[in-house]
Amino acid sequence: MEQLTQDFLRTKKLPHIWCPGCGNGIVTAALVRAIERTGFDQKDVVIVSGIGCSSRAAGYLNFNTLHTTHGRALSFATGLKMARPELKLFVIMGDGDCSAIGGNHFIHSARRNIDLNAIIVNNHIYGMTGGQHSPLTPAGKKATTAPRGTLERAFDLLELARGAGATFGARGNAAQPRQLEQLIVRAARHRGFSVVEALSPCPIAYGRRNKLGSAVDMLRDMKERSVSVERAADMDEAELEERTLNGVLYSIEAPEFAEAYYQSIGKDIG
Amino acid sequence: MPEAKPVLMQGNEACAVGAINAGVRFYAGYPITPSTEVAEQMAAMLPEIGGVFIQMEDEIASMAAVIGASIGGMRTLTATSGPGFSLKQENLGYAIMAEIPCVVINVQRMGPSTGVPTAPAQGDVMQARWGTHGDHPIIVFSPASVYESYYLTIAAVNLSQKLRQPVIVLLDEVIGHMREKVLIPEGKLMVEKTSDKQVPHDWKPYDDKGLTPLVPFGFGHYYHVTGLFHDQYGFPTGDPMQVERALDRIHEKLVKYRDEIILTNYIGHKEPRVAIVTYGCTVRSARAVVKKAYWQNRLPVGLLSLQTIWPFPEKEIEALAKQADVIIVPEMNMGQLVGEVERFARGEAKVVPLNRYDGEMINPDQISEEVGRWL
């Protein structure tokens with residue numbers, strides 16, 4: 001793999017704070033490569049993030065970066081996008097950040113179909129606080145706040161977004177960074193609310209407690225479980241059990257909110 | 001001077017019109033009684049002038065959207081009432097910490113909790129001061145008329161921009177819903193649009209040397225904005241020296257510009273024996289008392305009305321306490337600002353609370369009775 005563009009990194013801020021084996025670095029690198037591939041002007045790109053491990057990525061990226069409050073990244077981003085519709089916004093959130101405390105903002109951003117690119121780094125756990133279960137922790141998995149395994153069912157984040165009106169939904173993972181990069185590029189080029197769920201290993205706060213092995217084991221498992229949307233079309237339910245769908249699950253054309261608003265007041269945003 | 005046109009309007013409308021005349025072009029909000037007219041007015045006016053109105057999914061999102069738009073370079077406003085003001089507090093703290101300008105209108109209603117949504121009260125005085133966590137500076141204006149609502153909202157927008165500091169305009173249901181004449185100068189108010197123009201080469205978002213203008217996102221100045229304690233470039237720090245310096249920084253700008261922030265007005269006897277200190281709609285009843293006691297009967301009575309309640313006008317109270325024997329503090333709550341008055345009277349005058357908390361205004365008779373007791 002080629003070197004990352006140094007221009008887009010705040011190299012002085014490295015090394016990052018993430019644990020050994022964490023997938024956040026891989027996802028962040030995929031995002032940087034994706035932004036480079038889009039050809040967006042650096043000054044037009046804004047990285048918005050919430051609170052949690054993955055949200056710290058904003059501090060390492062050399063753009064205008066906005067590290068917000070827990071769960072509210074999409075709302076800050078909505079205000080910024082409406083004020084400056086020409087900007088290209090990437091919103092990095094963790095699974096707890098996006099789907100628990102930020103759940104309301106997530107569905108309403110999808111409903112508006114506002115042109116934001118939501119990158120949800122899903123490691124199935126609250127990592128920064130030491131391993132509590134999130135709405136994306138699979139049922140039965142252990143966490144510090146579910147020592148006997150959680151009884152709660154997990155959201156299917158992409159289906160949730162689709163139901164709420166999102167027009168682009170894709171899933172990738174840290175074990176297949178090239179594909180993840182391509183998915184982010186497609187999300188960025190899509191006009192409307194785009195959701196990219198990036199599965200990422202947390203060997204320290206999630207894997208260890210659930211006996212999932214090392215970071216390498218977790219990545220291998222992630223890769224083995226992943227099945228592309230195209231391939232899944234020819235598979236039956238039994239074959240798809242315990243597998244995760246990868247790739248673009250949906251991409252729909254619908255009016256984008258910021259553009260529609262500015263059109264309604266007689267302004268062209270290009 | 002341009003011609004001034006008299007307009008009849010509500011306090012809530014006056015806030016909306018004032019904000020627009022001060023250059024506000026972005027409003028995000030959530031419906032709540034008794035502040036909703038601010039949103040309705042903005043929804044009608046902003047699209048006409050190329051601005052953005054957005055009704056968000058909740059109060060928290062409204063506050064966040066306003067901050068986001070400010071970072072984009074727009075002048076912004078949101079409005080709410082008690083329960084919504086509670087929900088806005090975390091992001092309000094963020095704006096204070098990250099030094100992002102914005103104005104929040106809080107049209108107070110009777111609380112706690114859902115309370116009496118349509119009854120007036122002045123119960124959010126302490127929440128406005130200490131609602132968000134941590135040691136933080138805040139500016140709070142409290143208009144006593146529709147006219148003051150208009151001009152204090154303009155002042156709030158301008159101060160907020162200048163100091164990169166959120167400002168709260170604390171109305172109450174009486175001022176928010178009453179209709180009065182406001183003189184609005186004709187012609188266009190010029191507002192300088194925020195851009196990257198005249199940004200010095202060595203610009204830092206949180207310069208140790210002091211206040212620097214906010215350079216909006218999208219102009220090639222790649223800085224970081226966070227609610228974490230940060231260095232002068234905006235990057236997170238846990239270094240005790242930098243943490244202390246950063247906290248001093250956000251407080252010191254309010255100390256430095258104190259004279260522009262603190263607005264008070266005194267009427268009545270030059271050497272009052274009994275003085276009234278109040279704010280918001282209660283000023284109206286107190287003014288009626290002073291009219292009768294001083295202007296008609298030449299009794300040694302005066303009224304210090306506070307347009308700014310936070311930062312607290314300490315010097316003005318200190319000076320008043322040296323003159324008056326008694327300071328009466330009428331408030332439509334169980335006694336919130338009276339504690340501050342007592343603190344800065346420093347034992348020089350007796351401070352007497354006068355409270356009402358049944359959802360009704362304090363009337364002039366109640367104040368007259370208390371004044372008479374001490375004359």
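**A sheet shared by two chains**

A:N117 stands opposite A:S194 in β8(A), and that pair is where I'd like to start today, everyone. What we have here is a predicted model, in which local features need pLDDT of at least 70, side-chain atom pairs count only at pLDDT 80 or more, and totals for chains, interfaces and linings use all residues. Residues are numbered from 1 along each chain as its sequence is written, while chains are lettered from A and ligands numbered from 1 in the order in which they are written.

A quick word on terms. Helices (H or I, at least four residues) and strands (E, at least two) are DSSP runs, numbered from the N terminus. Two strands pair if DSSP finds at least two bridges between them.

Back to our opening pair. β4(A) and β8(A) pair in the parallel sense over 6 bridges. Strand β7 of chain A, residues 168-173, also pairs with β8(A), again in the parallel sense and over 6 bridges. There, A:G169 has A:V195 as its bridge partner. β7(A), helix α6 of chain A (residues 177-189) and β8(A) make a right-handed β-α-β unit; right-handed here means that, with the strands pointing away from the viewer, the path from the first strand over the helix to the second runs clockwise.

So is β8(A) buried or exposed? In strand β8 of chain A, residues 194-199, 6 of the 6 residues are buried, so the strand is largely enclosed by the rest of the structure. Buried means that 20 or more other C-beta atoms, placed from the backbone, lie within 10 Å of the residue's own. Both faces are covered: A:S194, A:V196 and A:A198 are buried on one side, and A:V195, A:E197 and A:L199 on the other.

Moving along, strand β3 of chain A (residues 88-94) pairs with β4 of chain A (residues 117-122), parallel, over 5 bridges. Have a look at A:M93, which stands opposite A:I120 in β4(A).

Now the whole sheet. It is an open one of 9 strands, with mixed pairing, in the order β9(A)-β10(A)-β7(A)-β8(A)-β4(A)-β3(A)-β1(A)-β2(A)-β9(B). β9 of chain A (226-228) and β9 of chain B stand at the edges with a single partner strand each, so one side of each is left without a neighbour in the sheet.

Where do the chains join up? β2(A) runs parallel to strand β9 of chain B, residues 224-226, and 3 bridges join them. A:T65 stands opposite B:H224 there.

The contact as a whole takes 31 residues from chain A and 36 residues from chain B, counting two residues as in contact if their C-beta atoms, placed from the backbone, lie within 7 Å. On the chain A side, β2 (64-67), α2 (73-83), α4 (103-112) and α11 (257-264) give two or more residues. α2(A) gives the most, with 8 residues.

Last stop, chain B. It is divided into domain 1 (1-261) and domain 2 (265-374), with bounds from an automatic or database domain assignment. Taken over C-alpha atoms, their centres are separated by 28 Å. Between them, 26 residues of domain 1 are in contact with 21 residues of domain 2. On the domain 1 side, α5(B) gives the most, with 4 residues. That side divides into 19 nonpolar, 3 polar and 4 charged residues, where Ala, Val, Leu, Ile, Met, Phe, Trp, Tyr, Cys and Pro count as nonpolar, Asp, Glu, Lys and Arg as charged, and the others, Gly among them, as polar. Thanks for listening!

Key
A residue is buried if 20 or more other C-beta atoms lie within 10 Å of its own, exposed if 12 or fewer, and partly exposed in between; C-beta atoms are placed from the backbone.
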